[in-house]
Every structure is written in structure tokens, then in C-alpha cells.
Amino acid sequence: MKLMVSVKRVVDYNVRIQVKPDGSGVVTDGVKMSMNPFDEIAMEEALRIKEAGNAEEIIAVTIGEQKAQEQLRTALAMGADRAIHVEVDEDIQPLTAARVLKALADKEQPGMVLLGKQAIDDDQGQTGQMLAALWDRPQATFASKVDLDGQKAKVTREVDAGLETIEVDLPAVVTTDLRLNEPRYVKLPDIMKAKKKPIDTTSLADLGVEAAPGLKVTNTAPPPERQGGKKVESVDELVSELKNRGLI
Amino acid sequence: MAKVLLIADHDGENLNPTTPKAVACAADFSPEALDVAVFVSGDNGVADQAAKLDGVSRVLRIDNPANEHCLAAMLAPQIVKMAADYTHVLVAGSTFGKDLMARVAALLGVLQVSDIMKVESDYVFQRPIYAGNAITTVEAPSDQVLCGTVRAASYQAAGEGNSASVEDISVDAELPDHTRFVSVETHKSDRPDLQTAPRVVSGGRGVGSGENFDIIYKLADKINAGVGASRAAVDAGYVPNDMQVGQTGKIIAPELYIAVGISGAIQHWAGIKDAGTIVAINKDEEAPIFEVADLGLVADLFDAVPELEQKLG
Ligand SMILES: Cc1cc2nc3c(=O)[nH]c(=O)nc-3n(C[C@H](O)[C@H](O)[C@H](O)COP(=O)(O)OP(=O)(O)OC[C@H]3O[C@@H](n4cnc5c(N)ncnc54)[C@H](O)[C@@H]3O)c2cc1C
Ligand SMILES: Nc1ncnc2c1ncn2[C@@H]1O[C@H](COP(=O)(O)O)[C@@H](O)[C@H]1O
């Protein structure tokens, strides 16, 4: 079967983001960009499924500006066989991303689509579930273990109560949680090899997808500041501070 | 005016503590009606718990064997049928709510607002992005049903002085058979629930092992606190995943949070920034957690935590 993995270009998780003073958004110019960490985990899982002999081809997909091809190159260097770049100029929201992935799923007929459980820029956490709904297929979200068994998959999910295991028929949508795997490092020869792998470019119009109305962001502000920083010298002082504040 | 349908999160016996908080958020709309849907297979009193919550107009109980494990694939088609009578469909942003609501929204062909932290009007909200390092104000279209998840840590639980009616309804929706529940592994503990406890003690990688976590539990038990952990502590296998606090774990707002052997990465910080007083115990005085902690103690945790436990006696 084929596997499809979506990868989003986001501000690197180590960057301390700055909010623009005029409230129009966060500063992204000159900021390090990376593949969404959950998507790296999705890529890694797809590679392991293929390496175990359970898939033949891995297709990486991104929806975004021209530069998002950098993240597709990373996916190809990790081991994806080919990539699809759906070029859009503006940021798109989950419902539109899900429509795009649905159109690609119809075309490519993957046995599984793997996505991150959330993109760490907007923290929406919707796209996988939306894709599953539009595609009329099962969803196994927040996965920490995926076991394939013929036309079925058993997926363990990280839920508030602990670990839930469900069984889904394929094709299915899986969204990844942090403990699913540890993504491999990309080696230089793989980066060279990835340059020769194909990236197809397409557009919403080519795919017949209409962008959904989105949320309008009217303001972006920094969170309320916390006045931290007071140090205590000893456990005794800590205890008396806690008592003074009525916390103990 | 808003007509709100709120989906209850529960485990078959008890409402999840995030649901009364989501009810409080729903009450901040201008609700003409605030109905709570309880999907169950044989009810053990969950609907009655929901009926007590202040602000609730009616509790709608949908009793169906297919609802036993509250799988999103089963619930979503039923909610879609019910949504026609409402302007808003809400759920707490627990793992249940996150899994479910986006499926509902896409079936309805509408967008979703995730992690509502403030309702400015029926269609204008504040929500966090970048792990809470920025807060956006967003406006949703008012000509379609609005689906939303509630950032429970931003709300105080609704009071329990109500006695709303409980009505049994049946919803005629076609349900799939492609998704099956297998099992759930939970860690029952007698300690206060991490998400609602007024006091929480968390341990990080600095604690060093699962056995060493005993000193964290002892301190927690002394002050009747819930226990949490950093991702590094969970990844290392010291404690189970349901204890993770942070951007991708639980987001909590206790009155007192004590972080032990935790460096204070932004992803961890995202889970505790609404806490009342944050105490950090760390042997590295440069640890970022000290920049945000109200009270910092530079010390070896293996000395400081047992001493603290003893002196709080
Ligand atoms: C996409 C993404 C999502 C994430 N989500 C989360 C999340 O939800 N929650 C989360 O916590 N993390 C999350 N992380 C991970 C986060 O970036 C950090 O790696 C993690 O929080 C570090 O955990 P820690 O502070 O326990 O470990 P470390 O950073 O290793 O810190 C250990 C601390 O213990 C101190 N220490 C060691 N020994 C002692 C001693 N004897 N006495 C006192 N102090 C001692 C050290 O000085 C150090 O400060 C996420 C990361 C990514 C990329
Ligand atoms: N523009 C995009 N391009 C590629 N993948 C995306 C895009 N937006 C969302 N995704 C995928 O959907 C997941 C969840 O995103 P979100 O719903 O925005 O939090 C991400 O981890 C990606 O795998």
C-alpha cells in the first residue's frame, strides 16, 4: 500500500516567538523554520512501516508557500519516495488543508494517511480528524503505537485517562503523538539523494478544492507577563513564604 | 442569541472535570439555550451530574449501545443530526473533545475554534497560539454553526445548584463499523485529579528514575496535591503519560504548582502559566524555570524535597 504523510512548515520549536507590536501577528521573517515536530514523527512512522515490508511507497505532502519545499526536501531525505507541493500564498486553515488532503487521497488511494496531532504554530489540532470525516474513514488520533495487521491497524492512543487502544479498518487516518517514535537524523548522503527525488507542484484549483471560509484573526497579543524571579535561600524560607501566602 | 449544544465528556460514571468548566465557558455566550448532550450506553448517573450544573437548560441523554466507549466515529454522526437546532456546538478541549469536535465540524462543513480561552461575543474569541506565547483574537463567520473546544484551564467550574430536566432522546444516524474499541489502560490513583487539584507537584528528568519519584509522591501526599510530570520524565518511563503537563499534555491552573527538577522549557511552561503561585526547585540557578517561578529555590532536589516534606508537617 501507499502511505501519505503531511508535513507543515512551522517556526522551529526552539524559537522564542515575538509578537509584532502592532498586533498583526508574530515575527516570522528571519526566524528558523522547520518541519512540524509531530510531522517528523509521522514521517518516521511511515518509514518504519515501509521498512517492515508493509508499504511500498511514501508520499510527502505540504500545502504552503514556495519555501515549504525545504520541508519536503527534508521528508525526501528522511526517506519519502516522492513529494507533492500544493502551492498556496496565504496560510490555510485546517478545513481547507483537510479538503486538499482528501482530494489527494482520492487521487493516490493511500492505505493510511499520517499527520501530526497538531501544528505547533496555530495549535489547532484539527486537520487529521477533518480529513477522516471528509474521507469517511476511521481516525486514530494521538497515536503512541501503530500495529498493522492486514487490512486493519491497532492503534494505541494517548488520552487523558491513560492509553486507549482501538482497531480501525484501512484506509485510515492516524495522527501522531510524541511517544510514537524518535525520528531519525538525516545524513548528508541522503540529503544529496533527496535532491534527485521528484516534487510535483499543484494548486487548489488543479485539485478542484475550494478554500473554506476561515477564522479572521483581528489581533495578536503577547500573553500577560508573569513577575517571576524571587529566590529563596532555604527550605525554611520557602515554607514561611508559602505560609505567608496562605498556600499551605 | 446563541443556542448552545455542549457535549459532555465522561467515563461512563463521572463527568470529566473539564466539562463543568466548559459549561462555564458556554454560559459566557448569550445563550438562549444551553443543552448538554450525554452519550451513554446505560447511564450511571452522568446525566444527573450534568443537570446540576448552573446555566444548563436541559440535559439530553442519548442512550445507545454504540455509545459505550464514546468513540468519535460513532458520536460525530449523531451530533451532526442534533446540530441543526443549534448555533454553537461546544466541548471541553480534553483528548475526547479534541478527537471528536473536528470530526463533527468537517461533517458539518464548518470550521472549528480550538481552545477558546475567552468569549468576547458569540462569534469573537481569544485563543492561544504557539504554545500560549501569543494570544489571538479571532472572529468566526456568524452564518454557520460554530464548533469549538474550550481551554478548560481558563475557566472556573460551573456551580452545582441547578436541577435541569433530563430528557431521553433517540438520534437516528447511520453509524460506521470501521472503528472498534479494544481496551483502555488507566492508572487509578487516590491522589487529587491533576486537572482540578488546587495544588500540584511535578517532577522532571532531574528526578532521575521511577523509584526516585517516591519523594515527589510523598511531598504531594503531605499537602494533598495532584502529581504531574514533564515530558522528559514521561519519555524516560518514570511515570505514565497521563501525568504529562504542557503544550501537548495537560494544561492546568492550580493555586500552587511546585516544579521539581524541571528546566522550564516553553512547552512545559505552556501547561502551567495560569497557575497561581509557581515554585521551582532546581540545582541549576540558570534554569529558565527561575525566570517565571514566583519562588525559586536553588538546591539539590534530593535534599530539598524531603526537607520540605518534613517541614510542612
Ligand atoms: C512539539 C513538542 C511538544 C512538547 N510538549 C511538552 C509538554 O507537553 N510538556 C513538557 O514538559 N515538555 C514538552 N516538550 C519537551 C520540552 O521541550 C522539554 O524537552 C522538556 O519539558 C524537558 O523536561 P525536563 O525539564 O524534565 O528535563 P530537562 O530539560 O532535562 O531538565 C531537567 C532539570 O532538572 C534539573 N536537575 C537535575 N538534577 C537535579 C537535582 N538533583 N536537583 C535539582 N534539580 C536537578 C536540571 O538542572 C534541569 O534543569 C515538548 C517538546 C516538543 C518538541
Ligand atoms: N499547510 C499544511 N501543510 C501540510 N500539512 C498540514 C498543513 N496544515 C496542517 N497539516 C497537517 O495537519 C496536522 C495538524 O495540523 P493542525 O490541525 O493545523 O494543528 C499537522 O501536523 C500536519 O501534518
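# Chatting through a two-chain model and its ligands

User: Let's start with ligand 2. Which element gives the largest share of the shell around it?

Analyst: That is β4(A), which contributes three residues, the largest share of the shell around ligand 2. Keep in mind that this is a predicted model.

User: Got it. How many residues surround ligand 2, and which are the closest?

Analyst: There are 18 residues around ligand 2, and the closest are S6(A), D39(A), G125(A), Q126(A) and T127(A).

User: Nice. What are the distances to polar atoms of I63(A), G116(A) and T127(A)?

Analyst: Let's take them one by one. A polar backbone atom of I63(A) sits 2.8 Å from a nitrogen atom of ligand 2. For G116(A), a backbone N or O atom is 3.2 Å from an oxygen atom of the ligand. With T127(A), a polar side-chain atom lies 2.7 Å from an oxygen atom of ligand 2.

User: And how much of ligand 2 does the protein bury?

Analyst: The protein buries 98% of the 470 Å² that ligand 2 exposes when taken alone. The elements giving two or more residues to its shell are β4, α3 and β6 of chain A.

User: Now the sheet. How many strands are in it, and in what order?

Analyst: Ten strands make up an open sheet with mixed pairing. The order is β11(A)-β5(A)-β4(A)-β1(A)-β6(A)-β10(A)-β7(A)-β8(A)-β9(A)-β11(B).

User: Which strands stand at the edges?

Analyst: Those are β11 (199-202) of chain A and β11 of chain B. Each has a single partner strand, so one side of each is left without a neighbour in the sheet. From one strand to the next, the twist averages 30°.

User: How does β5 of chain A run relative to β11(A), parallel or antiparallel?

Analyst: Parallel: β5 (residues 82-87) of chain A is joined to β11(A) by four bridges. Along that stretch, V86(A) stands opposite T202(A) in β11(A).

User: Which strands do the helices α1 and α3 of chain A touch?

Analyst: Helix α1 (residues 37-51) packs on the sheet and touches β1, β4, β6, β7 and β10 of chain A. The direction of α1 makes about 150° with that of β6(A). Helix α3 (residues 94-108) of chain A packs on the sheet too, touching β1, β4, β5 and β6 of chain A. For α3, the angle is about 150° with the direction of β4(A).

User: What about α2 of chain A, how many of its residues are buried?

Analyst: Seven of the ten residues in α2 (residues 69-78) of chain A are buried, so that helix is mostly covered. The buried ones are Q69(A), Q71(A), L72(A), A75(A), L76(A), A77(A) and M78(A). After α2(A) comes G79(A), whose phi is positive, near 140°.

User: Switching to ligand 1. Where does it lie?

Analyst: Ligand 1 lies between chains A and B. It is surrounded by 30 residues, and the closest are R205(B), S230(B), T248(B), S263(B) and Q267(B).

User: What polar atoms of T248(B), S263(B) and L301(B) lie by ligand 1?

Analyst: T248(B) has a polar side-chain atom 2.7 Å from a nitrogen atom of ligand 1. S263(B) places a polar side-chain atom 2.6 Å from an oxygen atom of the ligand. L301(B) uses its backbone: an N or O atom there is 2.8 Å from a nitrogen atom of ligand 1.

User: How much of ligand 1 is covered by the protein?

Analyst: Of the 990 Å² of accessible area that ligand 1 has on its own, the protein covers 86%. Two or more residues of its shell come from each of these elements: α1 of chain A, and α6, α7 and α9 of chain B.

User: Last topic: N282(B). Is it buried or exposed?

Analyst: N282(B) has a relative accessible area of 11%, and buried means under 20%, so N282(B) counts as buried. N282(B) is in strand β15 (residues 277-282) of chain B. A polar atom of the N282(B) side chain lies 2.8 Å from the backbone nitrogen of D284(B). N282(B) also touches several residues farther than four places away in sequence, including S263(B), F290(B) and L297(B).

User: And D193(B), where is that?

Analyst: D193(B) is in the loop between β11 and β12 of chain B. D193(B) is partly exposed, at 38% relative accessible area. A polar atom of the D193(B) side chain lies 3.1 Å from the backbone nitrogen of Q195(B).

Note on methods. Residues are numbered from 1 along each chain as its sequence is written. Chains are lettered from A and ligands numbered from 1 in the order in which they are written. This is a predicted model: local features need pLDDT of at least 70, side-chain atom pairs count only at pLDDT 80 or more; totals for chains, interfaces and linings use all residues. Side-chain values use heavy atoms; hydrogens and water are left out. Buried means under 20% relative accessible area, exposed over 50%, partly exposed in between (1.4 Å probe, protein chains only). A polar contact is a pair of N or O atoms within 3.5 Å; within protein, one must be able to donate a hydrogen and the other to accept it, and residues adjacent in sequence count only if both atoms are side-chain atoms. Two strands pair if DSSP finds at least two bridges between them. Axes are lines fitted to C-alpha atoms, for helices over the stretch in contact, and angles run from 0 to 180 degrees between N-to-C directions. Contact means heavy atoms within 4.5 Å. A residue is near a molecule or strand if one of its heavy atoms lies within 4 Å of it. Accessible areas come from the Shrake-Rupley method with a 1.4 Å probe; for residues, only the protein chains shown count as cover.
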